[in-house]
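Reader: I should like to go through this model step by step, beginning with its overall build and ending with single residues. Please give the reasoning behind each reply.

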Amino acid sequence: MPQFSRKTSTSPLRGSEASKTDSSRWKHKTSIISFKMSSPVFSYESLVHAVSGAVGSVTAMTVFFPLDTARLRLQVDENRKAKSTPAILAEIVREEGLLSPYRGWFPVICSLCCSNFVYFYFFHSLKASWLKGKQSAPSTDLIVGIAAGVVNVLVTTPLWVVNTRLKLQGSKFRNADIRPTNYSGILDAFVQIIRDEGVGALWNGTFPSLLLVLNPAIQFMIYEGLKRQLRRGVPRELSSVEVFIIGAVAKAVATTVTYPLQTIQSILRFGQFNDSADRSKLLSSLRTIKYLLVNRVRKYGMLGLFKGLEAKLLQTVLTAALMFLLYEKIASCTFRVMGLSNHYKKR
């Protein structure tokens with residue numbers, strides 16, 4: 001009997017110890033899983049920002065797409081006289097048809113969706129990894145924006161090269177030196193470019209694009225800075241008007257500062273400029289950029305570097321303002337559904 005009582009007295013203890021061990025193991029596993037899910041680089045929060053940014057940008061670009069068509073024509077067709085945006089669009093419609101301002105819409109939207117998804121994802125994930133809950137600063141926003149921009153350029157440049165060519169295909173140019181192209185779609189454009197010009201042609205304009213990572217970096221630095229100023233340390237959701245205005249201001253400043261390089265980028269992506277055959281790709285890119293900038297100044301003066309700026313500002317400022325508005329609203333609704341509305345107001 002004493003032996004039996006000892007066994008019964010110890011077995012519940014062992015059972016409780018086993019349950020504690022199982023419980024601790026389970027907690028350890030769940031903590032590992034939750035750590036992985038809440039990791040700044042691979043998190044639902046970064047994914048929400050990326051999807052919200054992509055959807056917002058696609059919607060905004062669709063609304064203002066004709067303005068981008070006018071801007072691109074002025075940049076690559078040197079013999080087209082710089083007129084007001086409505087006059088350019090009227091010319092295009094008269095010469096090429098009613099739907100011509102929306103030519104190349106699908107490849108542009110595909111490229112824009114991928115590009116903004118990558119940029120928003122890396123911007124917010126890198127920022128979260130860096131800050132770890134601390135308050136951000138303009139310098140942090142600028143550095144993180146540049147890093148996200150570099151990743152974005154290296155990943156999505158081939159898509160932008162293809163969409164630039166598809167958008168300009170079938171256009172009636174004033175410049176007789178521009179060679180016509182015949183692509184049946186996105187995949188056919190990829191195949192023809194690789195076959196005729198080599199794989200490297202898909203990254204035409206990469207160097208000026210890397211320099212142009214300053215554009216979204218400056219844009220996000222100003223946007224995030226103005227957002228912090230409006231909140232004045234009080235966690236709150238900004239109104240639609242506030243988001244629209246600061247989004248427009250941020251994009252206007254960034255576009256004006258970097259516009260000459262954007263013109264060079266468009267010319268190189270169009271693939272109508274034969275660059276030098278230097279062994280060093282970097283030196284070749286620098287010489288090409290210098291030649292195109294100097295040549296444009298000689299032909300049209302300093303204002304030639306800003307040809308099409310009015311159309312670009314009208315398009316890009318309105319598009320960016322609407323994009324930020326939609327992005328903030330989509331992200332806000334999503335975080336609210338996820339029960340993270342307080343987290344969203346503090347970001």
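The exchange below concerns a predicted model.

Reader: How many helices and how many strands are there in the chain?

Author: Every element in the run from the N terminus on is marked α. Of the 347 residues in the chain, 45% are buried. The count of elements comes to zero strands and 13 helices.

Reader: What share of the contacts in the chain with a separation of 6 or more comes from residues 24 or more positions apart?

Author: A contact here requires heavy atoms within 4.5 Å. Among the contacts with a separation of 6 or more, the share from residues 24 or more positions apart is 78%.

Reader: Are helix 2 and helix 5 roughly parallel or roughly antiparallel to each other?

Author: Helix 2 covers residues 44-63 and helix 5 covers residues 105-131; their axes come within 7 Å and cross at roughly 150°. Angles over 145 degrees count as roughly antiparallel. Helix 2 and helix 5 are therefore roughly antiparallel.

Reader: Is the crossing of helix 2 and helix 5 left-handed or right-handed, and how do the residues of the contact divide by class?

Author: The crossing is right-handed. On the side of helix 2, the residues that meet helix 5 include Leu-47, Val-51, Val-58 and Met-61, and on the side of helix 5 they include Trp-105, Leu-112, Phe-117 and Phe-120. Ser-46 and His-49 of helix 2 also take part, as do Asn-116 and His-124 of helix 5. By class, the contact of helix 2 with helix 5 has no charged, eight polar and 14 nonpolar residues.

Reader: How many charged residues does the contact of helix 6 with helix 9 have?

Author: The axes of helix 6 (residues 138-168) and helix 9 come within 8 Å and cross at roughly 150°, which makes the two helices roughly antiparallel. Helix 6 contributes Pro-138, Asp-141, Leu-142, Gly-145 and Ile-146, while residues from helix 9 include Leu-214, Met-221, Glu-224 and Arg-228. Seven residues of this contact are nonpolar and one is polar, and the number of charged residues is three.

Reader: Is Phe-220 buried or exposed, and which residues beyond its neighbours in sequence is Phe-220 in contact with?

Author: Phe-220 lies in helix 9, which covers residues 214-231. Because its relative accessible area is 3%, Phe-220 is buried. The C-alpha atoms of Phe-220 and Phe-123 are 9.3 Å apart, with their positions 97 residues apart along the chain. Leaving aside neighbours within four places in sequence, the contacts of Phe-220 are Tyr-119, Phe-120, Phe-123 and Phe-324.

Reader: Which residues is Ile-92 of helix 4 in contact with, leaving aside its neighbours within four places in sequence?

Author: Ile-92 is in helix 4 (residues 85-96) and is buried, at 0% relative accessibility. Its C-alpha atom is separated by 9.2 Å from that of Thr-69, 23 residues apart along the chain. Leaving aside neighbours within four places, Ile-92 is in contact with Thr-69, Arg-73, Gly-97 and Ser-100.

Reader: How many disulfides are there?

Author: A disulfide needs a pair of cysteine sulfur atoms within 2.5 Å. The count by this rule is zero disulfides. For Cys-114, which is in no disulfide, the nearest cysteine sulfur is that of Cys-113, and the distance is 5.7 Å.

Reader: Are Cys-114 and Cys-333 buried or partly exposed?

Author: Buried means under 20% relative accessible area, and exposed means over 50%. Cys-114 has a relative accessibility of 37% and so counts as partly exposed. Cys-333 has a relative accessible area of 43%, and therefore Cys-333 is partly exposed.

Methods
Residues numbered from 1 in each chain as written. Predicted model: local features only at pLDDT ≥ 70, side-chain atom pairs only at ≥ 80, totals over all residues. Heavy atoms only, no water. Buried < 20%, exposed > 50% of the residue type's maximum accessible area, 1.4 Å probe, protein only. Axes fitted to C-alpha atoms, helices over the stretch in contact; angles between N-to-C directions. Parallel < 35°, antiparallel > 145°, perpendicular 65-115°, else oblique. Left-handed = near helix turned anticlockwise from the far one by under 90°. Nonpolar A, V, L, I, M, F, W, Y, C, P; charged D, E, K, R; others polar.
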